[in-house]
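Student: I would like to work through this structure one question at a time, with the reasoning shown at each step. Could we begin once the sequence and the coordinates are on display?

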Amino acid sequence: MSITIIGIGGASTKILSSLKQEKQNNKNRYIGFDSDKNIKALELDDYCMANEELFEGSGCFMDIFKGNLAIANSSKKIEEMLSDSQQILVLACLGGGIGSGALAHITDYLAISRKRYLVLVTTPADFEGLKRAKNAKESLDAIKYRTDNMLTFSMEDLNSKTDLGIKELFLAMDKKIEKCILELANGEFFK
Ligand SMILES: Nc1nc2c(ncn2[C@@H]2O[C@H](COP(=O)(O)OP(=O)(O)OP(=O)(O)O)[C@@H](O)[C@H]2O)c(=O)[nH]1
Ligand SMILES: [Mg+2]
C-alpha cells in the first residue's frame, strides 16, 4: 500500500524528508508546502513553495494570516500535487504561521474532492508561548468539523512525561510521528 503524505510548514516537511531518506524502500509519496526556501533542499518527491515575490523565500514568522495568504496563492499547485492521490495523510506541526494557516484550506480541498484522508497534528508545548498556542487553537477551530479524520499528538503531554531539552523533545516527537506514519501507511485506515 502506498499513500501520499503532505507536510505543511518547516517542522512537518523536515520530518517527511528524513523519513524518506531513512526508509528509501517504502513506496509512500512525500510532498510538502512551505513559504520558506529551505523546502528546496529537502528530500521530498514534490513540493510547493509559496509565491517567492510575496514571501521572499522566508517563513511566516508565526503569522497565521500570512499562512492563509500563502496557501490561497498556492492552491492550484497544491491541488495538482494531490490530484492523482486517493489516500492522503496531512502532517501539520501547529504553532507557526504556515502549518497552522494552511491546514483548513487543505482539509477543505480533500473533503470536497472526496479523497480518503487523515490529518495528524501536533500542538505546541506550553513553554513555546501564547502566540503559538493561539495559532494552534485557531487552526484546530477552523477544522473542528473534521475531527473524525484527525489524530493529535500533544508536545506538552510528551514534555510533561519526559525530562528532555527542547532539541531532544522535538526529536522524540519526530520519532513518534515517523512511527505513526509508517503504521498508518501499513494499517487498516488506508487500504
Ligand atoms: N516534531 C517537531 N516539531 C517541531 C520541530 N520544530 C518545531 N516544532 C513544532 O512545530 C511547531 C511549528 O513550527 P514550524 O513548523 O517551524 O512553523 P511553520 O509552520 O513553518 O510556521 P512559520 O515558520 O511561522 O511560517 C512549533 O510550534 C513546534 O511545536 C521539530 O524539529 N520537530
Ligand atoms: Mg517555518
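Tutor: Two residues are in contact if their C-beta atoms, placed from the backbone, lie within 7 Å. Please keep in mind throughout that this is a predicted model.

Student: With that cut-off, which residues is Leu91 in contact with, leaving aside its neighbours within four places in sequence?

Tutor: Leu91 is among the residues with the most contacts inside the largest nonpolar core, which has 47 residues. In soluble globular proteins, nonpolar side chains tend to be buried together. Once the neighbours within four places in sequence are set aside, the contacts of Leu91 are Ile5, Gly7, Ser12, Ile15, Leu16, Leu120 and Ile177.

Student: In what order do the six strands of the open sheet lie?

Tutor: Strands of a sheet pair through backbone hydrogen bonds, either parallel or antiparallel. In this open sheet the pairing is parallel. Reading across the six strands, the order is β3-β2-β1-β4-β5-β6.

Student: Why is one side of β3 and of β6 left without a neighbour in the sheet?

Tutor: Strands β3 (46-49) and β6 (150-154) stand at the edges of the sheet, so each has one side that no neighbouring strand covers. From one strand to the next, the twist averages 15 degrees. The reason asked for is therefore the edge position, where each of these strands has a single partner strand.

Student: Which strands does helix α3 touch where it packs on the sheet?

Tutor: Helix α3 covers residues 64-82, and its direction makes about 170 degrees with that of β3. The strands that α3 touches are β1 (4-8), β2 (29-34), β3 and β4.

Student: How many residues of β1 are buried?

Tutor: Both faces of β1 are covered, with Thr4, Ile6 and Ile8 on one side and Ile5 and Gly7 on the other. The strand is largely enclosed by the rest of the structure, because the number of its buried residues is five of the five.

Student: Which residue of β2 is the bridge partner of Ile6?

Tutor: Strands β1 and β2 run parallel and are joined by five bridges. One of the bridge pairs links Ile5 to Tyr30. In β2, Arg29, Ile31 and Phe33 point one way while Tyr30, Gly32 and Asp34 point the other way, and all are buried. For Ile6, the bridge partner in β2 is Ile31.

Student: How many bridges join β4 to β5?

Tutor: Strand β4 spans residues 87-93 and strand β5 spans residues 116-123, and the two run parallel. Within this pairing, Cys93 has Thr122 of β5 as its bridge partner. The number of bridges that join β4 to β5 is seven.

Student: Which residues are the closest to ligand 1?

Tutor: Ligand 1 is surrounded by 21 residues, and by class this shell has ten nonpolar, eight polar and three charged residues. Helices α1 (10-22), α4 (98-112) and α7 (166-185) each supply at least two residues of the shell. The closest residues are Gly9, Gly59, Gly95, Gly96 and Gly99.

Student: Is Arg114 buried or exposed?

Tutor: Arg114 sits in the loop between α4 and β5, and its phi is near 55 degrees, a positive value in a residue other than glycine. A residue with 12 or fewer other C-beta atoms within 10 Å is classed as exposed. Because Arg114 has 8 C-beta neighbours inside 10 Å, its class is exposed.

Student: What is the phi of Met62 near?

Tutor: Met62 lies in the loop between α2 (52-55) and α3. With 19 C-beta neighbours inside 10 Å, Met62 counts as partly exposed. Although Met62 is a residue other than glycine, its phi has a positive value, near 65 degrees.

Student: What separates the C-alpha atoms of Met150 and Leu89?

Tutor: Met150 lies in strand β6 and, not counting residues up to four places away in sequence, touches Val119 and Val121. Met150 and Leu89 are 61 residues apart along the chain. The separation of their C-alpha atoms is 9.7 Å.

Terms used
Residues numbered from 1 in each chain as written. Chains lettered and ligands numbered in written order. Predicted model: local features only at pLDDT ≥ 70, side-chain atom pairs only at ≥ 80, totals over all residues. Pairing = 2+ DSSP bridges. Helix = DSSP H or I, 4+ residues; strand = E, 2+ residues; numbered from the N terminus. Axes fitted to C-alpha atoms, helices over the stretch in contact; angles between N-to-C directions. Near = placed C-beta within 6 Å. Nonpolar A, V, L, I, M, F, W, Y, C, P; charged D, E, K, R; others polar. Core = buried A, V, L, I, M, F, W, Y, C linked by C-beta atoms within 7 Å. Buried ≥ 20, exposed ≤ 12 C-beta atoms within 10 Å, placed from the backbone.
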